[in-house]
Amino acid sequence: MEISEVALREVRKVYGRHLALSSVSTRFAPGELALLMGPNGAGKSTLLGILSTLSRPSGGEIRYGEHEHRYAEEHLRGRIGLVAHAPMLYLQLSSRENLAFFARLYGVARAAEEVERWLARVGMLEAADKPAGELSRGMAQRIALARALLAEPELLLLDEPFTGLDREATELLREELAAARAAGKIVIVVSHELEAVDGLASHLVVLRRGRVAKELREPALSAARIQESYREALA
Ligand code: ADP
Ligand code: MG
């Protein structure tokens, strides 16, 4: 594994005069699932955007194993998977074509086979030829998840991935997250859906106004434990 850990030291992000992240320091380890929580505007999506290498910190330091943030995009391409708010799919292309495109982009071996395997795994074989623009939110989320997992990323980032999912898709996502954690990946999930994440996370990070207000590490955080810690952090 190239990404032996993700370490943040005093990470800052400013948008003009607005301080979105003031000083975030923490570590994320393989085999760990971190739950990132905080009120609206706390900086959660900003932090995921930076960790995905789509945006840059204004200050501080981030290391992915041996790699510094500024070189991570070129060295770690395909090793970081992101499921953002928007599914980031080509709307005119079908689900199958979208996955095939990203599989080629990431240099996935036996791309065509892998695409079929992932379509089946996320329950999208039957709807595989529909244009992505005609998919329901839940279906688009399934494809977004397949796209993020296709290249077997070592670091998996998900921003409110349970939103709009039905029971079956929620269960599917829970299974994929547990599998990613068991496979020794680093998983970071932004979510407030406590029932959906019950027992999945081993690390809780509560952000408040661009800072870490609370951190907790326990093997399997229950919904009740998360809620209690979250309340304490914001009290
Ligand atoms: P969260 O995901 O926790 O709700 P965000 O990371 O989206 O919060 O936003 C943190 C703060 O940064 C908010 O005050 C938001 O308005 C601001 N912000 C986020 N993205 C931008 C941007 N591209 N330009 C200006 N301000 C932004
Ligand atoms: Mg957000």
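How exposed is Asp198, by its relative accessible area? Asp198 is partly exposed, at 33%. Here buried means under 20% relative accessible area, exposed means over 50%, and partly exposed lies in between (1.4 Å probe, protein chains only).

## Basis of the model

This is a predicted model: local features need pLDDT of at least 70, side-chain atom pairs count only at pLDDT 80 or more, and totals for chains, interfaces and linings use all residues. Residues are numbered from 1 along each chain as its sequence is written, chains are lettered from A and ligands numbered from 1 in the order in which they are written, and side-chain values use heavy atoms, with hydrogens and water left out.

## Helix 1

Helix 1 covers residues 44–51. Helices (H or I, at least four residues) and strands (E, at least two) are DSSP runs, numbered from the N terminus. Of the 8 residues in helix 1, 7 are buried, so the rest of the structure largely encloses this helix. The buried residues are Lys44, Thr46, Leu47, Leu48, Gly49, Ile50 and Leu51.

Thr53 comes just after helix 1. Thr53 sits in the loop between helix 1 and strand 4 (59–64). Its phi is near 75°, a positive value in a residue other than glycine. Most residues other than glycine have a negative phi. Thr53 counts as buried, because its relative accessibility is 15%.

## Around ligand 1

Which residues surround ligand 1? They are Tyr15, His18, Ala20, Pro39, Asn40, Gly41, Ala42, Gly43, Lys44, Ser45 and Thr46. A residue belongs here if one of its heavy atoms lies within 4 Å of the ligand. By class, this shell has 4 nonpolar, 6 polar and 1 charged residues. Ala, Val, Leu, Ile, Met, Phe, Trp, Tyr, Cys and Pro count as nonpolar; Asp, Glu, Lys and Arg count as charged; the others, Gly among them, count as polar. Helix 1 gives the largest share of the shell, 3 residues.

Polar contacts come next (N or O pairs within 3.5 Å; within protein, one atom must be able to donate a hydrogen and the other to accept it, and residues adjacent in sequence count only if both atoms are side-chain atoms). An N or O atom in the His18 side chain is 2.9 Å from an oxygen atom of ligand 1. A polar backbone atom of Gly41 is 2.8 Å from a ligand 1 oxygen. For a polar side-chain atom of Thr46, the distance to an oxygen of ligand 1 is 2.5 Å. Taken alone, ligand 1 exposes 560 Å², and the protein buries 58% of that. These areas come from the Shrake-Rupley method with a 1.4 Å probe; for residues, only the protein chains shown count as cover. Strand 2 (18–28) and helix 1 are the elements that give two or more residues to the shell.

## Pocket and cavity

Both terms rest on a 1 Å grid over the protein atoms alone. A cavity is a set of points where a 1.4 Å probe fits but cannot get out; a pocket is an open set with protein on both sides within 12 Å along at least five of seven lines; lining residues have an atom within 4 Å of a point. Points are joined across faces, edges and corners, and a volume is the space filled by probe spheres set on them.

The largest pocket holds about 550 Å³. Its lining has 20 residues, and Ser52, Leu54, Gly78, Ile80 and Tyr106 lie nearest its centre. By class, 13 are nonpolar, 4 polar and 3 charged. Strand 6 supplies the largest share of the lining, 3 residues.

The whole structure has 1 cavity of 30 Å³ or more. The largest cavity has a volume of about 70 Å³. Val83, Gln141, Arg142, Leu145, Leu158, Pro161, Leu165, Ala169, Leu172 and Leu173 line it. Helix 5 (137–149) and helix 6 (167–182) each supply at least two of these residues.

## Loops and helix 8

Asp198 lies in the loop between helix 7 (194–197) and strand 9 (203–208). Asp198 and Arg225 are 27 residues apart in sequence, with their C-alpha atoms 9.2 Å apart. The backbone oxygen of Arg225 is 2.8 Å from a polar side-chain atom of Ser229. Ser229 lies in helix 8 (residues 223–234) and is buried, at 1% relative accessibility.

The loop between strand 6 and helix 3 holds Met88. Met88 also has a positive phi, near 55°. Met88 is partly exposed, at 38% relative accessibility.
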